[in-house]
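Me: Hi! Could you take a close look at one part of the model shown here, and follow how it connects to the rest? I'd like one continuous account rather than a list.

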Amino acid sequence: MEDRDPGELVLRSFGWTDVGKKRQANEDFYSIVEDAELFILADGMGGHSSGEVASRLAVRHLVDFLVNISRREDFEYASDVPPIDDPHEQLVHASILYANERVYIESMKDRAYEGMGTTLLVGFGAGDRIVFAHVGDSRIYRLRDGKLTQVTEDHSWINHLIRTGQMTKERAVTAKGKNVIMRAVG
């Protein structure tokens, strides 16, 4: 066993998706690029056109942006990327904007792809920490000492109503519109 600093973050990664019990097709797509400390999962929006295409495109473009494009000598942020103090957070934010634009452009090229979209989860190594980002209602959880804790909040209509005090968590369980998300890539 190699010696390591006791405070060093140890990452263990694996990927697995499942169609679940409610859907016929799996619209998930993921990528793990361990040497770049990059972990991405996209879940195509069920009921929308070509969710599986949107998830695949979003992941592919995020990987390309974070592993290739952003490392070019002549790289500059697009004008719509807001200044963020943390350079790793700004890079992840920019990569999501880039993927969103690319998925949207593809949706405009072919009528069969009109309205396609995906949720997105990103984990990106930033030295002694990981920058997490998400879009939609896919969630990031932390497993520590055998306890699972939800890290992100859904970008859903129901969660918005709960956060703004317009609905209780108890009522949300049976409320209509639980699958309506307020943010998506594409």
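Reply: Happy to. Helices here are DSSP runs of H or I with at least four residues, strands are E runs with at least two, and both are numbered from the N terminus. Please keep in mind that this is a predicted model.

I'd pick helix α1 and its surroundings. The helix covers residues 51–68, and a rise of 1.5 Å a residue gives an expected span of 26 Å for its 18 residues. The C-alpha atoms at its two ends lie 25 Å apart, which agrees.

Much of the interest is in what the helix keeps inside. Its buried residues are Gly51, Val53, Ala54, Ser55, Leu57, Ala58, Val59, His61, Leu62, Val63, Phe65 and Leu66. The cover over them includes strands β1 (28–33), β2 (38–44) and β3 (118–125), along with helix α2 (87–109).

Leu62 is a good residue to zoom in on. Leaving aside residues up to four places away in sequence, Leu62 is in contact with Ile40, Ser95, Ile96, Ala99, Leu120 and Val122. It also belongs to the largest nonpolar core, a group of 32 residues in which Leu38, Leu62, Ile96, Leu120 and Val122 touch the most other members. Two or more residues of this core come from each of β2, α1, α2, β3 and β4 (130–135). The biggest contribution is from α1, with nine residues. Apart from this core there is another, made of five residues, including Leu161, Met167, Ala172 and Ala175.

Now for the loops around these elements. Between β1 and β2, two of the strands that help cover α1, sits Glu37. Most residues other than glycine have a negative phi. Glu37 is not a glycine, yet its phi is positive, at about 50°. With a relative accessible area of 32%, Glu37 counts as partly exposed, since that class lies between 20% and 50%.

Following β4, one of the core's contributors, the loop that leads to β5 (141–144) holds Gly136. Gly136 is buried, at a relative accessible area of 0%. Beyond its sequence neighbours up to four places away, Gly136 touches Thr119, Asp154, His155, Ile181 and Arg183. Gly136 and Asn179 are 43 residues apart in sequence, with their C-alpha atoms 10 Å apart in space.

One loop further on, between β5 and β6 (147–150), you will find Asp145. This residue also has a positive phi, about 55°, without being a glycine, and it is exposed, with a relative accessible area of 77%.

How values were computed. Residues are numbered from 1 along each chain as its sequence is written. This is a predicted model: local features need pLDDT of at least 70, side-chain atom pairs count only at pLDDT 80 or more; totals for chains, interfaces and linings use all residues. Side-chain values use heavy atoms; hydrogens and water are left out. The expected span of a helix is 1.5 Å times one less than its number of residues. Buried means under 20% relative accessible area, exposed over 50%, partly exposed in between (1.4 Å probe, protein chains only). Contact means heavy atoms within 4.5 Å. A nonpolar core is a set of buried Ala, Val, Leu, Ile, Met, Phe, Trp, Tyr and Cys residues joined through side-chain atoms within 4.5 Å.
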